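Here is a short report on one protein model and its ligand. It starts with the sheets and ends at the binding site.

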Amino acid sequence: MRVTTVVIGAGHAGLAMSHCLTARSIDHVILERGEVANSWRTERWDSLRLLTPNWLSRLPGYRYEGNDPDGFRTMPETIDFIDRYAAAISAPVRMHTKVTSVRRTDDGYEVVTDEGTWRARTVVLATGACNVPCIPAVAEALPAEIHTLTSMTYRNPDMLDTGGVLVVGASASGTQIAEEIQRSGRPVTIAVGQHIRAPRTYRGRDIKWWMDAAGVLDDRYDEIDDVQRARNVPSLQLAGSTDRRTVDLNRLSDMGVRLVGRLAGAADGRAQFSGSLRNQCELSDLKMNRLLERIDAWATERGLDGEVEAPHRFAPTRVDDAPPLGIRLRGGEIRTVVWAAGYRPDHSWLHVPVLDHKGRVRHDGGVVQSPGMYLLGLPFLRRRKSSLIDGAAADAGDLCDHLAGCLDHGTARAKS
Ligand SMILES: Cc1cc2nc3c(=O)[nH]c(=O)nc-3n(C[C@H](O)[C@H](O)[C@H](O)COP(=O)(O)OP(=O)(O)OC[C@H]3O[C@@H](n4cnc5c(N)ncnc54)[C@H](O)[C@@H]3O)c2cc1C
């Protein structure tokens, strides 16, 4: 089977690219191993709501038009939103078609699937940033009796044994899961590594409104100091809920969740935590305050100070004087460990020499170092918002322009 462009993945990013390709009359197909919005259907916990407000999911040619723009979508609503987008743009999706290999050919790429082989001049990798949970090596040393889950396999507290739970990771996924499990009556300990604290609302507006309006989400990959570092920054410690509450470590402490440092090791039936908890929290407060300073400066520059609440700062994260450096894993104190230490993409099926020693695709703003190959949906790919639903429109537009240029160039070369 031949086509000009194969897009791999029918999440919102692949669909956004499809919209741009259609607008340029570039014939294409989207290959999807599951159904449209597969990641939201199969890899998220039941109570999850988006942490971005409804209005902040603008896709090319499509946006939220309901009566709750400031609300936060549930998972069924998120799936429905993406499903409707696929229908609205008549996206040419081949569902239940898993790509098992991509190789370079003389005139483009060979894309092998479990439903046949495609040949294409250009390929767009839109398979997502969160295919595999990051599980630290220390997992190997946990006693066999400990039940382990990840933020991709956790669904709700009912699937847990009674007894203590250790949540490893304190970014958006870890704090939300810790809060829910603590509320279910199981005592939670949360191991806190690098994270970035953020209030849900600031000066009377949603933090994401400020970040969007002040241009923070539009920061470009080729204009910031250290893009590699920026690409590894964890997601903001935020949650979407009907009461718009801030879910930070102070809230978790108030609920009775125990804070400990980063999980550093496990031996003789004990978990060991680093002594860096206070430092990590101070650093996180500092980063939050830097964001608030940028917002305040922008508000003043725009003359908004008279219209919104006055600037203020939040109480620092509270840390015990001597947080535990170890806890017993045997004997029931901890029955379950939930790994919420981040995610990474899986491009193991990509047999083109573009992967670095960590298996990451080498690219410049999504233009992969192999002619006619593009990447979408990764953190800070081209902008700070690149991995958000709202980031796909600008990135897909830019990359589709590049892809069209690449096809024109190839055509011109073939004619000459
Ligand atoms: C817990 C969590 C919460 C998030 N919350 C928000 C939020 O509130 N707001 C927001 O804007 N963003 C949020 N994100 C980030 C982001 O929107 C998602 O990661 C999003 O799913 C990425 O979209 P995508 O289209 O790039 O990838 P995905 O939605 O992951 O789509 C990739 C698709 O590729 C398919 N695929 C993968 N491998 C293959 C293969 N080999 N062959 C065929 N198909 C394949 C998958 O089945 C999937 O359907 C969240 C992410 C996570 C993990």
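## Sheets, hairpins and a ligand shell

Five strands make up an open sheet, and their order is β8-β19-β9-β10-β15. The pairing in this sheet is parallel. Keep in mind that the model is predicted.

Look at the two ends of the sheet. β8 (147-150) and β15 (258-261) are the edge strands. Each has a single partner strand, so one side of each is left without a neighbour in the sheet. From one strand to the next, the twist averages 20°.

Now go inside the sheet. Strand β9 runs over residues 165-168, and strand β10 over residues 188-192. Four bridges link β9 and β10 in the parallel sense. Find Val-168, and you will see Ala-191 of β10 standing opposite.

A helix packs on this sheet as well. Helix α4 covers residues 172-183. Helix α4 touches β9, β10 and β19 (336-339). The direction of α4 makes about 165° with that of β10.

Parallel is one way to pair. Strands of a sheet pair through backbone hydrogen bonds, either parallel or antiparallel. The next examples show the antiparallel kind.

## Antiparallel pairs

Start with β4, β5 and β6. Strand β4 spans residues 99-105, and strand β5 spans residues 108-113. They form a hairpin with two residues between them. Another hairpin joins β5 to β6, again through two residues. Strand β6 takes in residues 116-125.

Which residues face Val-111 across these pairings? In β6, the bridge partner of Val-111 is Trp-118. Val-102 stands opposite Val-111 of β5. Val-111 therefore appears in both pairings, β4 with β5 and β5 with β6.A second open sheet has three strands in the order β16-β17-β18, with antiparallel pairing. β16 (263-267) and β18 (326-328) stand at the edges of this sheet. Each has a single partner strand, so one side of each lacks a neighbour in the sheet. Neighbouring strands here are turned by 20° against each other on average, direction ignored. In the pairing of β16 with β17, Ala-266 stands opposite Ala-271 of β17.

The table lists antiparallel pairs with their bridges.

| Strand | Partner strand | Bridges |
|---|---|---|
| β4 (residues 99-105) | β5 (residues 108-113) | six bridges |
| β5 | β6 (residues 116-125) | five bridges |
| β16 | β17 (residues 270-273) | four bridges |

## A loop residue

Next, find Arg-63. Arg-63 sits in the loop between α2 and α3 (75-88). Which residues does Arg-63 contact, leaving aside its neighbours within four places in sequence? They are Ser-57, Arg-58 and Phe-81. Arg-63 and Phe-81 are 18 residues apart along the chain. Their C-alpha atoms are separated by 9.1 Å.

## Around the ligand

Last comes the ligand. There are 31 residues around the ligand. Of these, Glu-32, Ser-39, Leu-51, Thr-52 and Ile-389 come nearest.

What classes make up the shell around the ligand? The shell has 15 nonpolar, 12 polar and four charged residues.

Helices take part in the shell too. α1 (12-23) and α2 (38-42) each supply at least two of its residues. The largest share, three residues, comes from α2.

Now zoom in on single atoms. A polar side-chain atom of Glu-32 lies 2.6 Å from an oxygen atom of the ligand. In the side chain of Thr-52, an N or O atom is 2.8 Å from a nitrogen atom of the ligand. For His-12 the partner is in the backbone: a polar backbone atom is 3.3 Å from an oxygen atom of the ligand.

How much of the ligand does the protein bury? Taken alone, the ligand exposes 980 Å². The protein buries 95% of that area.

Terms used:
Residues numbered from 1 in each chain as written. Predicted model: local features only at pLDDT ≥ 70, side-chain atom pairs only at ≥ 80, totals over all residues. Heavy atoms only, no water. Near = heavy atom within 4 Å. Polar contact = N/O pair within 3.5 Å; in protein donor to acceptor, adjacent residues only side chain to side chain. Areas by Shrake-Rupley, 256 points an atom, 1.4 Å probe, with all protein chains shown as cover. Nonpolar A, V, L, I, M, F, W, Y, C, P; charged D, E, K, R; others polar. Pairing = 2+ DSSP bridges. Axes fitted to C-alpha atoms, helices over the stretch in contact; angles between N-to-C directions. Contact = heavy atoms within 4.5 Å.
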